[in-house]
Structures are given as structure tokens and as C-alpha cells.
Amino acid sequence: AVVPKRWFKAYFNRYESILDGSAWSYLREIARNQWMINTEQYLLLHLQAHQVPILRFPPISFLSHCMEGPQCMHLYKGTDLGKQRWTTPFKYYTEALEVRRTTVDDTHYLVRLGSGWIWTALWPPQPWIWGNLKKKEQEKPIEKQQPHELLGSDVVCGLSKHGPTSSLSWIFYQRCEW
């Protein structure tokens, strides 16, 4: 996470919030309904309670070779794929796909950031469509998206004064336009 100094205390005081009881204001409903939440969901609730603005950015790495358990299913169980050298258990398979989409151009088999692509802020933030697997979620209007569902940055290969652009220069010549 990238945490500006003004939000440092809000980001790093989660443990203290539990100890002093202030976390109860946003965990009460969770406890009452006996919902199970993980640490990432707790962080989201905590930051929202402290009115910290949140935007996503595409993942550029993923957790692999996790120990099998409720949060890491080895995808090849019950098949003979376990004998394949390339088989890797992912904690979040969709995250591995998002990493591939972010970092590699599958048409030209190039690593984007090593080929002239750069990170840039997206304004206004864009809906995060790669992580949404259901068609209905992709069709949700931008006004109905939660802030943490919006993408605040991405890798691009062309910029104008209005933001990222598409260009045939990359498709034909593997060259970015600036």
C-alpha cells in the first residue's frame, strides 16, 4: 500500500483500535451477525471508519506455493495435473490472472514495464473490471462503484493531456507514444 503521511496513523493503528474499543463502532454488526472477515476486510472497514480515501491499483505479484488450507486450494487436486512441472497453487487464482494482464502483453510476448510502458494515475478513477467475473458487476455504473472498487492507476503505453490513449504504434511497432 502507498500511505500518505496524513493517513499514517489511521492505517497503522488497527491494533490500538481493538485495544481501546473504538473498533467496536465498525465491528459491531460483523460480530452480531457472526460474519467471518479476513485481515484485508478488517483493514477496509477500519480505513472506511477513519474516512481514508481508497483506490485500487493492479497487482504486479501474487502469492504462490501457499500451504494448502481453507484460504489456499491447490487447484490440481483430484486430477493428474499435480505431476506437471508448471502446476502452481495460487492463494487467489484471479489475482494471478490480473498480474499477468498487468505485466505481460500476450500478443507480443513482452513484459510491459520493460518495454516502455509506465505507471500513471487515472483521473477520474476507472472501474476495476479485471477482478469482476460476473457480467452484472461489470455493467454496474461508475456512480454505483464503491471507492475501493475503482482503479487509481494502471500501466499505459500512450498518454495525452486527457489521460491514457490507445495507439496502433504499439500493436504494429511495439513502441509507446508520449
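These are my notes on what I looked up in this structure, entry by entry.

**Entry 1: the overall layout**

I started by reminding myself that this is a predicted model. I then counted the secondary structure and got seven helices and six strands. Walking along the sequence, I wrote down the order as α-α-α-α-α-β-β-β-α-β-β-β-α. The protein has 178 residues, and 29% of them are buried. I also looked up the accessible surface, which comes to about 13,300 Å². Carbon and sulfur atoms account for 58% of that surface. For contacts between residues at least 6 apart in sequence, I noted that 60% join residues at least 24 apart.

**Entry 2: the nonpolar core**

Which residues make up the largest nonpolar core? I found six: Ala10, Tyr11, Leu43, Leu47, Val52 and Ile54. Helix H1 (8–12) gives at least two residues to this core, and helix H4 (39–49) does so too. I then picked out Leu47 and listed what it touches, skipping residues up to four places away in sequence. The list reads Ala10, Tyr11, Val52 and Ile54.

**Entry 3: H3 against H4**

Staying with H4, I checked how helix H3 (residues 24–32) sits against it. Their axes come within 9 Å and cross at roughly 140 degrees. Why do I call H3 oblique to H4? That crossing angle makes H3 oblique to H4, because only angles over 145 degrees count as roughly antiparallel. On the H3 side, the residues that meet H4 are Tyr26, Leu27 and Ile30. On the H4 side, I wrote down Tyr42, Leu45, His46 and Ala49.

**Entry 4: Thr102**

Next I went to Thr102, which has its place in helix H5 (residues 93–103). Is Thr102 buried or exposed? Its relative accessibility is 1%, so I put Thr102 down as buried. I left aside neighbours within four places in sequence and looked at what else is in contact with Thr102. I got Pro58, Pro59, Ile60, Arg112, Trp119 and Val155.

**Entry 5: the disulfide**

How many disulfides does a search of the whole structure find? I got one. The partners are Cys157 and Cys176, with their sulfur atoms 2.1 Å apart. The angle about the S-S bond is -110 degrees, and the link is left-handed. Cys157 sits in the loop between strand S4 (150–156) and strand S5 (159–160), while Cys176 sits in the segment after helix H7 (168–173), so the pair ties together parts that are 19 residues apart in sequence. I checked burial for each partner as well. Cys157 has a relative accessibility of 9%, so it counts as buried. Cys176 is also buried, because its relative accessible area is 15% and the cut-off is under 20%.

**Entry 6: positive phi values**

Last, I looked at two residues with a positive phi that are not glycine. Tyr109 has a phi of about 55 degrees. Tyr109 is found in the loop between strand S1 (104–105) and strand S2 (110–111). With a relative accessible area of 69%, Tyr109 is exposed.

My other case is Gln174, whose phi is near 55 degrees. Where does Gln174 lie? I placed Gln174 in the segment after H7, and Cys176 of the disulfide is in that segment too. The relative accessible area of Gln174 is 33%, so I noted Gln174 as partly exposed.

Notes:
Residues numbered from 1 in each chain as written. Predicted model: local features only at pLDDT ≥ 70, side-chain atom pairs only at ≥ 80, totals over all residues. Heavy atoms only, no water. Disulfide = S-S within 2.5 Å. Helix = DSSP H or I, 4+ residues; strand = E, 2+ residues; numbered from the N terminus. Buried < 20%, exposed > 50% of the residue type's maximum accessible area, 1.4 Å probe, protein only. Contact = heavy atoms within 4.5 Å. Areas by Shrake-Rupley, 256 points an atom, 1.4 Å probe, with all protein chains shown as cover. Core = buried A, V, L, I, M, F, W, Y, C linked by side-chain atoms within 4.5 Å. Axes fitted to C-alpha atoms, helices over the stretch in contact; angles between N-to-C directions. Parallel < 35°, antiparallel > 145°, perpendicular 65-115°, else oblique.
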